[in-house]
Amino acid sequence: MTVTIDGVERELEPGTTGTDLFADRRDVVVMRVDGALWDLARELPAAAAVEAVTVSEPDGLMVLRHSTAHVLAQAVQQVNPDAKLGVGPPIENGFYYDFDVAQPFTPEDLKALEKAMQRIVKEGQSFVRREVTREQALAELAHEPFKCELLTHDTEGAEGASVEIGEGDITIYDNVRRGGEVAWKDLCRGPHVPSTRVLQNGWSLMRSAAAYWKGSEKNPQLQRVYGTAWPSKEELTAYKERLAEAERRDHRRLGVEMDLFSFPDEIGSGLAVFHPKGGVVRMEMEAYSRRRHVEEGYEFVYTPHATKAQLFQTSGHLDWYADGMYPPMHMDEERDVAGNVTKQGQDYYLKPMNCPMHNLIFRSRGRSYRELPLRLFEFGTVYRNEKSGVVHGLTRARGFTQDDAHIYCTREQMKDELTTTLNFVLGLLKDYGLEDFYLELSTRNPEKSVGSDEIWEEATATLREVGLESGLELVPDPGGAAFYGPKISVQARDAIGRTWQMSTIQLDFNLPERFELEYTAPDNSRQRPVMIHRALFGSIERFFAILTEHYAGQFPVWLAPVQVRAIPVAEAFDGYLQDIAARLRAKGVRVEVDTSDERFPKKIRTASKEKIPFVLIAGGDDADAGAVSFRFRDGSQDNQVPVDEAIDRIVAAIETRAQV
RNA sequence: GCUGGCAUGGCGCAACUGGUAGCGCACCCGACUUGUAAUCGGGCGGUUGCGGGUUCGAGUCCCGCUGCCAGCUCCA
């Protein structure tokens with residue numbers, strides 16, 4: 001028979017398997033046959049197009065990870081025969097497997113499981129595929145209720161279920177020891193690596209946690225074990241190093257170490273206070289944003305944090321999002337001695353969004369087309385009653401400040417306005433040091449949306465056009481739009497490759513309607529404006545966290561809490577450095593002279609731990625030359641720079657928002 | 001919200017199976033000070049997150065609350 005192998009036609013004996021074919025290539029773990037992934041042990045069909053899939057490519061790695069999940073499940077049932085199997089799909093960086101067990105897994109359990117897994121890997125068990133009928137499968141797996149449910153119920157939408165049952169035949173995989181004895185089996189669509197030995201020592205169990213069966217809060221909770229798996233020990237080590245690096249950069253840790261902010265228990269979960277050093281960073285972030293918004297034609301407004309319920313009834317928030325709001329404060333109610341209400345009270349709410357307030361400003365008087373586009377900007381603090389389990393440092397807080405603006409414009413102005421807004425947003429993000437972006441375009445869900453087809457189409461086409469013109473990658477998110485309008489969002493990659501959703505620009509065809517916003521057109525008719533919501537940081541707190549992690553606390557000079565620390569080699573040079581510091585201070589530089597009693601090396605160490613961008617050192621050599629020496633955060637040094645030049649360099653670094 | 005884990009001076013940690021809280025850093029005082037990541041000595045600081053309970057005795061055990069961590073679910 002003729003088979004195409006990696007693009008080359010070959011004559012093969014009927015019955016040839018992938019194992020025969022790729023016998024000399026140890027990195028091949030599975031094969032692609034006419035586009036589908038197959039176990040190597042399967043016989044090749046005639047006229048098939050076959051490709052080798054190595055463990056280093058995404059598909060191969062997925063198979064490796066899924067196979068590791070099987071080894072975990074076998075180990076769990078070895079240790080605890082009563083454990084019932086859930087599902088065990090590969091995920092980013094690894095895999096998980098869900099189990100129904102009487103006792104949750106402890107860290108000690110995980111260690112024991114790793115040992116058991118190691119033995120299974122060393123045994124070199126092969127994964128043997130077996131096609132069965134539904135009845136056979138139900139009979140063989142009668143003791144596995146979750147597997148039976150997968151076999152008998154519609155698995156539509158069930159998280160991870162596709163790895164158990166494919167679209168075609170039902171298959172069971174036997175794990176077979178070298179002697180031919182079946183060690184374990186699992187309902188699985190496959191494919192798998194040929195032998196457990198392929199896993200080597202490139203895997204590790206990470207943690208256990210509860211997870212809902214089929215991902216629904218209504219279903220019972222299973223115990224999920226997470227693991228990571230890589231083609232080699234080296235790659236596993238590199239992955240763990242990446243995790244350690246992320247932990248070192250964690251803004252919650254740096255927030256404490258650098259004295260930037262805290263979350264006092266007395267205030268409550270998810271409510272931050274910024275300390276003086278964090279305050280400087282935040283103030284600079286806001287000041288630059290404010291300046292750029294002024295230049296871009298935004299007008300600044302201020303609105304209160306609390307409001308009567310009526311406003312959020314008008315906006316619709318109380319109908320849809322009451323759960324996400326702080327509960328109402330009931331005010332002004334009066335009762336007589338018998339407890340009867342003599343005066344009806346009022347409910348007040350903390351605002352979860354600023355837009356209704358801005359709409360009231362728009363509506364406060366008649367508006368002319370001549371005023372449009374009207375851009376109202378506010379650093380607006382909002383409060384959202386996030387569920388207790390989701391609060392996470394500054395990135396998911398209960399009180400936070402949005403750099404929020406609402407632009408009211410005519411349909412004709414919409415395109416220009418969206419274009420300039422996206423360019424403005426991208427330019428500004430770059431100024432803060434984020435350089436690597438892609439865009440996501442969330443489009444209409446026809447099931448649930450308001451506004452005419454025409455305006456949706458126009459707005460979506462405009463957003464797409466604007467996105468494409470930016471030259472950035474534009475990822476579609478079909479049906480991802482809110483019901484009131486399409487959205488384009490900017491995703492940024494940070495210094496260690498993580499992506500964060502940043503700015504969003506969102507059209508809204510709903511609120512202008514609900515608030516009956518109008519302007520007078522040139523023909524004296526009343527027209528409804530289009531409303532654009534946009535935030536650059538999203539939340540200042542969250543953006544603060546992202547920048548902290550992006551820079552690992554080593555902020556560029558303009559943002560650094562202390563920009564210059566001057567350290568005399570000995571007390572005799574205190575005055576010399578104080579004069580230089582005074583000159584820097586006069587130019588607005590945040591500079592300190594370390595005149596403490598500590599010895600010189602200790603002062604260097606302290607400045608270094610504080611991640612101060614410029615350390616200026618002066619001793620006899622410098623003073624004699626009318627110079628200072630720079631020491632940078634990486635330990636590199638620039639010695640005996642003339643004082644005037646040193647000052648210019650520092651001032652220039654701040655003005656250009658340079659990283660040093 | 002759910003499941004599991006955790007909570008000891010400002011920070012990081014210690015205290016065997018319940019026996020009466022200790023260390024480093026930071027901070028304060030003193031001495032010492034001339035070139036690149038911890039000078040030496042002394043001192044201050046904790047009713048062990050909060051509230052109950054068991055016990056002769058609780059940081060250690062039990063219950064409730066608050067907060068934190070991981071994951072799930074959620075994120076206008």
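## A look around RNA strand B and the chain beside it

RNA strand B has 50 residues around it, and the closest are Arg207, Gln221, Arg605, Asp622 and Gln637. A residue is near a molecule or strand here if one of its heavy atoms lies within 4 Å of it. Keep in mind that this is a predicted model: local features need pLDDT of at least 70, side-chain atom pairs count only at pLDDT 80 or more, and totals for chains, interfaces and linings use all residues. Residues are numbered from 1 along each chain as its sequence is written, chains are lettered from A and ligands numbered from 1 in the order in which they are written, and side-chain values use heavy atoms, with hydrogens and water left out.

**Around the RNA**

Which parts of RNA strand B lie within 4 Å of the protein? Of those atoms, 49% belong to sugar or phosphate, and the rest to bases. The table gives some polar contacts, meaning pairs of N or O atoms within 3.5 Å; within protein, one must be able to donate a hydrogen and the other to accept it, and residues adjacent in sequence count only if both atoms are side-chain atoms.

| Side chain | Partner in RNA strand B | Distance |
|---|---|---|
| arginine 207 | sugar or linking oxygen | 2.9 Å |
| lysine 602 | phosphate oxygen | 2.8 Å |
| arginine 605 | base nitrogen | 2.7 Å |

The elements giving two or more residues to this surface are β12 (203–212), β13 (221–229), α7 (251–257), α17 (600–609), α18 (620–625), β34 (627–631) and β35 (637–642). Helices (H or I, at least four residues) and strands (E, at least two) are DSSP runs, numbered from the N terminus. By class, the surface near RNA strand B has 19 nonpolar, 15 polar and 16 charged residues. Ala, Val, Leu, Ile, Met, Phe, Trp, Tyr, Cys and Pro count as nonpolar, Asp, Glu, Lys and Arg as charged, and the others, Gly among them, as polar.

**Annotated stretches**

UniProt, in an unreviewed entry, puts "domain: TGS" at residues 1–54. That span is 7% helix and 43% strand, with its end C-alpha atoms 25 Å apart. The unreviewed entry also has "domain: Aminoacyl-transfer RNA synthetases class-II family profile" at residues 281–556. Here the mix is 31% helix and 28% strand, and the end C-alpha atoms lie 10 Å apart. UniProt positions follow the numbering used here, feature names are shortened, and annotations may be inferred rather than shown by experiment.

**Rings and charges**

Now for the aromatic rings. Rings of Phe, Tyr and Trp (its six-membered ring) pair if their centres lie within 6.5 Å; planes under 30 degrees apart count as stacked, over 60 as edge-to-face and the rest as tilted. The count comes to 28 aromatic pairs. Tryptophan 456 and phenylalanine 509 have ring centres 5.7 Å apart and planes at 80 degrees, so this pair is edge-to-face. It joins distant parts of the chain, 53 residues apart: tryptophan 456 is in helix α13 (residues 453–469), while phenylalanine 509 is in the loop between β27 (499–508) and α14 (511–514).

Is tryptophan 456 buried or exposed? It counts as buried, at 2% relative accessibility; buried means under 20% relative accessible area, exposed over 50%, partly exposed in between (1.4 Å probe, protein chains only). Phenylalanine 509 is buried too, at 10%.

Elsewhere, ring pairs link Tyr288, Tyr432, Phe537, Phe543 and Trp558 into a cluster. As for charges, the charged end of arginine 42 sits over the ring of tryptophan 38, 3.7 Å from its centre. The rule asks for NZ of Lys or CZ of Arg within 6 Å of the ring centre and within 35 degrees of the ring normal.
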